[in-house]
Amino acid sequence: MKLWGKSIQVAATYIGTVVGAGFASGQEILAFFTSYGHAGTVGILLATALFVWLGYKMMLLAHRLRTPSYESFNQQLFGPMLGRIMNVLVFLTLFGVTTVMLAGAGSVLEEQFHIPYLLGTACTVLLALLLLRKGLEQLLLVNALVVPSMLLFALLILLDGSAESPLPLAKPSDYTFVWKTILYVSFNLAMAQSVLIPIGYAIREKVVLFRAAVIGGVVLGFMLLVVHTAMLANWDDVRFMDIPILFITDRWNEWLQLFFVFVLYSEIFTTLISNVFGIGQQLRELVEQPESRLYLCLFAAAFLLCLIGYSQLLMFLYPLFGYLGLSTLCRISVPAFLLPGGNVSHR
């Protein structure tokens, strides 16, 4: 039972890292899946399989290569020169998403509770710093507490049952959705490596990593499918909305709407602290500074960039990160015998 509990904690951290503002708002799912109609459903099934397989492969490689952060992980996978380039790209990806999440947290608090944007952002930074002081153990605990709320939110959407609007149909010969699915997974794994690699290094039991990847990937797929199906059934109403999921939640009572706000903020927050934790683990290998000081510097820089605004950052950075993640996805997809150290088993 202890190993199952650890597996669920790791799975929750995997889910919490992948699920962010774009997921919670429905905008990501609309762009990558729902806009392709029924073909998007096939895309979600493919994404689920990739999340399970590649998530496990990444943790297992970190376990086998004994790499505590993506800094040493990429050096091992790509070699000294390419590894350095990859680490710069991953750093930019994680730091960019950190800034987007921080800006998103400030925007949610401003729009829903009329807390001034900068004050809400500053409060989010303070809360994150308090939690990150405890390291990986606290990160696992926070995600284990928050992810059930995300799952409950998905179940509420499923039970809501909404509407009977016409469904968009994708052309049978149009396979663009496959490329979009791969791009979606590559972007999210580029982010998730910030925590999956330290987890793979820290946890000794390979079976925990295997179970966590299966649970995490399947739950991610389930939540994707629920939101996608709800938006597909209301396509005419949601396709031009900035936050499509609001069409569903607007019919809920005020307490359920408040719960949606909590889930939205939590999804942003878990991605935020996971990214900062991952960057901190990398920087520890490069500079001899206390983790708390590194976290403070990262948040200070992200806070300054938040002055640009949430939507502008989102529009510029997200498409770029999907392409940057493709090289890591391709590298960890190769058969185990082609990587350093030979064959790997999950047993």
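**Exercise 1: The span of H4**

Work out how the reach of helix H4 (residues 38–65) compares with the span expected at 1.5 Å a residue, and find out how enclosed H4 is.

*Solution.* Keep in mind that you're looking at a predicted model.
- Step 1: Start with the count, which is 28 residues for H4.
- Step 2: Take the expected span, which uses 1.5 Å times one less than the number of residues. For H4 that comes to 40 Å.
- Step 3: Compare it with the model. From its first C-alpha to its last, H4 reaches 41 Å, close to the expected value.
- Step 4: Now look at burial, where the cut-off is under 20% relative accessible area. In H4, 20 of the 28 residues are buried, so the helix is largely enclosed by the rest of the structure.

**Exercise 2: What happens just after H4**

Describe Arg66: its backbone angle, its place in the chain and its surroundings.

*Solution.*
- Step 1: Find the residue. Arg66 sits in the loop between H4 and helix H5 (70–78).
- Step 2: Check phi. For Arg66 the angle is near 55°, which is a positive value in a residue other than glycine.
- Step 3: Is Arg66 buried or exposed, or in between? Its relative accessible area is 43%. Since buried means under 20% and exposed means over 50%, Arg66 counts as partly exposed.
- Step 4: Look for partners. Once you set aside neighbours within four places in sequence, Arg66 is in contact with Gly200 and Tyr201.
- Step 5: Add a distance. Gln76 is 10 residues from Arg66 along the chain, and their C-alpha atoms are separated by 9.8 Å.

**Exercise 3: Another positive phi**

Do the same job for His114, giving its phi, its loop and its exposure.

*Solution.*
- Step 1: His114 belongs to the loop between H6 and helix H7 (117–132).
- Step 2: Its phi is near 60°, again a positive value in a residue that isn't glycine.
- Step 3: His114 has 70% relative accessibility, so it counts as exposed.

**Exercise 4: Two helices that cross**

Describe how helix H6 (residues 80–113) packs against helix H14 (residues 291–305).

*Solution.*
- Step 1: Two packed helices are described by the angle between their axes and by the distance between those axes.
- Step 2: Fill in the values. H6 and H14 pack at an angle of about 60°, and their axes are 9 Å apart.
- Step 3: Add the handedness, which is right-handed for this crossing of H6 and H14.
- Step 4: Name the residues. H6 brings Phe91, Phe95, Thr98, Thr99 and Leu102, which meet Leu298, Phe299, Ala301, Ala302, Phe303 and Leu305 of H14.
- Step 5: Sort them by class. The contact of H6 with H14 has 9 nonpolar, 2 polar and no charged residues.

**Exercise 5: Into the core**

Which residues touch the most other members of the largest nonpolar core, and which helix gives the most to it?

*Solution.*
- Step 1: The largest nonpolar core has 107 residues, and the ones touching the most other members are Phe51, Ile157, Met223 and Phe299.
- Step 2: The top contributor to this core is helix H13 (residues 254–286), with 14 residues.
- Step 3: Zoom in on Phe51. Ignoring neighbours within four places in sequence, its contacts include Tyr14, Val18, Tyr56, Tyr184 and Leu220.

**Exercise 6: Far along the chain**

Find how far apart the C-alpha atoms are in the pairs Leu264–Met150, Gly135–Glu291 and Met191–Thr271.

*Solution.*
- Step 1: Leu264 is in helix H13, and it's buried at 13% relative accessible area. Its C-alpha is separated by 8.5 Å from that of Met150, 114 residues apart along the chain.
- Step 2: Gly135 lies in the loop between H7 and helix H8 (136–160), and its 11% relative accessibility makes it buried. The C-alpha atoms of Gly135 and Glu291 are separated by 8.9 Å, with their positions 156 residues apart in the chain count.
- Step 3: Met191, in helix H9 (residues 176–202), is buried at 2% relative accessibility. Met191 and Thr271 are 80 residues apart along the chain, with C-alpha atoms separated by 8.6 Å. Thr271 is also one of the contacts of Met191, as are Val18 and Asn275.
- Step 4: Step back to the whole chain. Among contacts between residues at least 6 apart in sequence, 85% join residues at least 24 apart.

Key: Residues numbered from 1 in each chain as written. Predicted model: local features only at pLDDT ≥ 70, side-chain atom pairs only at ≥ 80, totals over all residues. Heavy atoms only, no water. Axes fitted to C-alpha atoms, helices over the stretch in contact; angles between N-to-C directions. Helix = DSSP H or I, 4+ residues; strand = E, 2+ residues; numbered from the N terminus. Left-handed = near helix turned anticlockwise from the far one by under 90°. Contact = heavy atoms within 4.5 Å. Nonpolar A, V, L, I, M, F, W, Y, C, P; charged D, E, K, R; others polar. Core = buried A, V, L, I, M, F, W, Y, C linked by side-chain atoms within 4.5 Å. Buried < 20%, exposed > 50% of the residue type's maximum accessible area, 1.4 Å probe, protein only.
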